[in-house]
Amino acid sequence: WTKQTFQIVGQKPDLVVWPEGALGGPINPDDERPARALSGKSLKEFFSEMSSKYDFAFLIGGGTVNFHDELDKNGFPKYTAYNSCYLFSRAGEIAGRYDKMVPLPFGEYIPLADTFPFLRDLIQGPGNFKPGDSVTYFNAKGKDFEYSFSTPICYEAILNYQMRKMSDADLFINITNDAWFGDTACPHQHAMLTTVQAMEFGRPLYRLAYTGISFVVEPHGKIRYETKPFEEVSTVEEIRMKTFDTICRRGGWIFPWLWVLACPVLFFSLRNRTVHSKASKEENSA
């Protein structure tokens, strides 16, 4: 990711984005421990230097692991982990962090495992990520304007109720790691479902997937700059920041509930009409 980033810094991007899983696991981008692979610099120092030296805001899909003093049954420190992303400002300072609020069941956590801990021994493989508790609205600067964005992670970008919580922004930035889908139709389906959210909430959406498909979708549904799965691309593209205040964003959630309430009324109305019709036919026959 560093190599690809250095390929485009000469084009002076306003914002550079690394996807979900870019650091290879739940690794804190704000880690201040010196790293041999970074010539003694910490991750925080390394990312801070990149963003300040080349003058771009830097969104990084990483993780957050908070260790506790208490030990688990194997003698290791207990911890709390989140699937996160961090924003470094143009000045190289950490400007915010978002923790994924809807972890993936049986992928990022095992349902009911906190109540029944033995499930973690029975089901091997899934992570133990905790959900975040609030939406983060990041602020960044373009060449001559400021804007805000929210960052749905992975399948949060196809969940209408979650995207509604994140819609008080000028832009959606969806980071995801679709490698587990493989070379199938699933990455295409996952990507297409995000376009609906951009149109429903009247916000442009930038989607960056670890293995594709990446694109920009505009509020009226037009897809721009689409990449293919497993295609390595480093590019700087323009996002047109026009937003629209849609009916769906204002109160579209009411519509399906109105139908839920209307169904019993329609059922009994049709049932009574059928009963009266049957009675009338019997009277006419008599």
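1. Start with Phe-56 and Phe-58: both are buried in this predicted model. Their rings meet edge-to-face, with 5.4 Å from centre to centre and 85° between the planes.

2. Those two phenylalanines also belong to a wider cluster held together by ring pairs, whose members are Trp-18, Phe-46, Phe-47, Phe-56, Phe-58 and Phe-88. For the whole structure, the tally is 13 aromatic pairs.

3. Trp-180 and Phe-181 give you another geometry to look at. Their ring centres are 4.5 Å apart and the planes sit at 25°, so this pair is stacked, given that planes under 30 degrees apart count that way. Burial splits the two: Trp-180 is exposed at 58% relative accessibility, whereas Phe-181 comes out as buried at 19%. Keep in mind that the cut-off for buried is under 20%.

4. There's a charge over a ring as well: Lys-242 lies over the face of Phe-244, 5.7 Å from the ring centre. The distance limit for that call is within 6 Å.

5. On the cysteines, don't go looking for disulfides, as the count is 0. Cys-154 has its nearest cysteine sulfur in Cys-186, 12 Å away, and Cys-154 is itself buried, with a relative accessible area of 6%.

6. Cys-263 is unbonded too: the closest cysteine sulfur, in Cys-248, is 19 Å from its own, which is too far for a bond because a disulfide needs the sulfur atoms within 2.5 Å. At 45% relative accessibility, Cys-263 is partly exposed.

Notes: Residues numbered from 1 in each chain as written. Predicted model: local features only at pLDDT ≥ 70, side-chain atom pairs only at ≥ 80, totals over all residues. Heavy atoms only, no water. Phe/Tyr/Trp six-rings, centres within 6.5 Å; stacked < 30°, edge-to-face > 60°. Buried < 20%, exposed > 50% of the residue type's maximum accessible area, 1.4 Å probe, protein only. Lys NZ or Arg CZ within 6 Å of the ring centre and 35° of its normal.
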